[in-house]
Amino acid sequence: YLFLDITARNDWSSTMSKANRSYFYPSVSLSGVISDMVPKLGGQMPEWFTFAKVRASYAQVGNDTDPFIINQTYSYIAGGNNGYVYKSSKLPAVDLKPEKTGSFEMGVDVRFFGDRLGLDFSYYNSNTTNQLISIPMPLASGYQNRFINAGKVQNKGIEIKLYGTPIETKAFSWTTQFNFSKNTNTIKELTEDVKTITLGSEDFIANVVAEEGGSFGDIYVRGFQRNDAG
């Protein structure tokens, strides 16, 4: 009636800097089946209470990046009798660290009347740090952008599933369920120098941005000028 799972993982990635290419991330989860625990401990569950389980877990996940981000790269283009070589417009990110996400989740699963009615509820909170973000650079530097580790992005929310079988006979069965979920995404911080990053734009009309205090992928558009009549 009691279950404990522990994992440990270490990755080595050649796409990260030599000092940071090894990264470790664990996870742990604990769950208890209350409907089995109570009778084994000498108690008794109500007859209409079929199943009850509680759970909690914490996990970390590591993430590397694309190849060639930490090195200066060159490309060759052939043209006629001659070709030319040009360097990447991205400044090499020599000290890049792996991205880390830590997630906490807890929930409960209860069923009644021989599984005719059930409720599954979960709450989660996930925080991502050392995100791999590309930011623009002054063109006079010889580069257009560079990758950095920055930011802390939080996702938290709930998930609810309510299900039941109102009608069940030998010839006919009707099962229905209701799902509800809500996620709140918040950019807790970016960097000391950069508070807003433009992720994309469309013809100077709309910008997709990541801004401290906002949500990742917020869309900003130009407003209309209005007179007193609206």
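This briefing walks through the overall shape, the aromatic contacts and the charged pairs of the structure above.

Welcome to a predicted model of a protein chain with one helix and 13 strands. Its mean pLDDT is 90, and 100% of the residues score at least 70. With a radius of gyration of 26 Å, well over the 17 Å that the globule rule gives for 230 residues, the chain is more spread out than a compact globule.

**Overall build**

- Following the sequence from its start, you meet the elements in the order β-β-α-β-β-β-β-β-β-β-β-β-β-β.
- Along the principal axes, the C-alpha atoms of the chain fill a box of roughly 85 × 65 × 40 Å.
- Of the 230 residues in the chain, 28% are buried.
- If you take contacts between residues at least 6 apart in sequence, 56% of them join residues at least 24 apart.
- Confidence varies by element: strand β1 (residues 2–12) has the highest mean pLDDT, at 97, while β11 has the lowest, at 81.

**Aromatic rings**

- The model contains seven aromatic pairs.
- One of these pairs is Trp 48 with Phe 113, whose ring centres are 6.4 Å apart and whose planes stand at 35 degrees, so the pair is tilted.
- Trp 48 belongs to the loop between α1 (34–40) and β3 (49–63), and Phe 113 to the loop between β7 (99–112) and β8 (117–136), so their pairing ties together parts that are 65 residues apart in sequence.
- The two partners fall into separate accessibility classes: Trp 48 is partly exposed at 44% relative accessible area, whereas Phe 113 counts as exposed at 51%.
- Trp 48 and Phe 113 also belong to one aromatic cluster, together with Phe 49 and Phe 112.

**Charges over rings**

- Lys 87 places its charged end over the ring of Tyr 143, at 4.3 Å from the ring centre.
- Phe 51 has Arg 111 lying over its face, 4.2 Å from the centre of the ring.

**Salt bridges**

- Side chains of opposite charge can pair when their charged atoms come close.
- There are four salt bridges in this structure, and three of them are worth a look here.
- Arg 9 and Asp 11 form one of them, with 2.9 Å between the closest N and O atoms.
- Asp 11 counts as buried, with 16% relative accessibility, while Arg 9 is partly exposed at 47%.
- Another salt bridge joins Arg 55 to Asp 120, where the closest N and O atoms are 3.0 Å apart.
- Because Arg 55 sits in strand β3 and Asp 120 in strand β8, this bridge ties together parts that are 65 residues apart in sequence.
- Both partners of this bridge are partly exposed, Arg 55 with a relative accessible area of 24% and Asp 120 with 22%.
- Glu 212 and Lys 195 also meet through their side chains in a salt bridge, at 3.4 Å from N to O.
- Glu 212 lies in the loop between β12 (206–211) and β13 (218–221), and Lys 195 in the loop between β10 (173–189) and β11 (196–202), so the bridge connects parts that are 17 residues apart in sequence.
- Glu 212 is partly exposed, at 28% relative accessible area, and Lys 195 is partly exposed too, at 40%.

How values were computed:
Residues are numbered from 1 along each chain as its sequence is written. This is a predicted model: local features need pLDDT of at least 70, side-chain atom pairs count only at pLDDT 80 or more; totals for chains, interfaces and linings use all residues. Side-chain values use heavy atoms; hydrogens and water are left out. Rings of Phe, Tyr and Trp (its six-membered ring) pair if their centres lie within 6.5 Å; planes under 30 degrees apart count as stacked, over 60 as edge-to-face and the rest as tilted. Helices (H or I, at least four residues) and strands (E, at least two) are DSSP runs, numbered from the N terminus. Buried means under 20% relative accessible area, exposed over 50%, partly exposed in between (1.4 Å probe, protein chains only). A charge sits over a ring if NZ of Lys or CZ of Arg is within 6 Å of the ring centre and within 35 degrees of the ring normal. pLDDT is the predictor's confidence in each residue, from 0 to 100. The radius of gyration is taken over C-alpha atoms; the globule rule is 2.2 Å times the number of residues to the power 0.38. Contact means heavy atoms within 4.5 Å.
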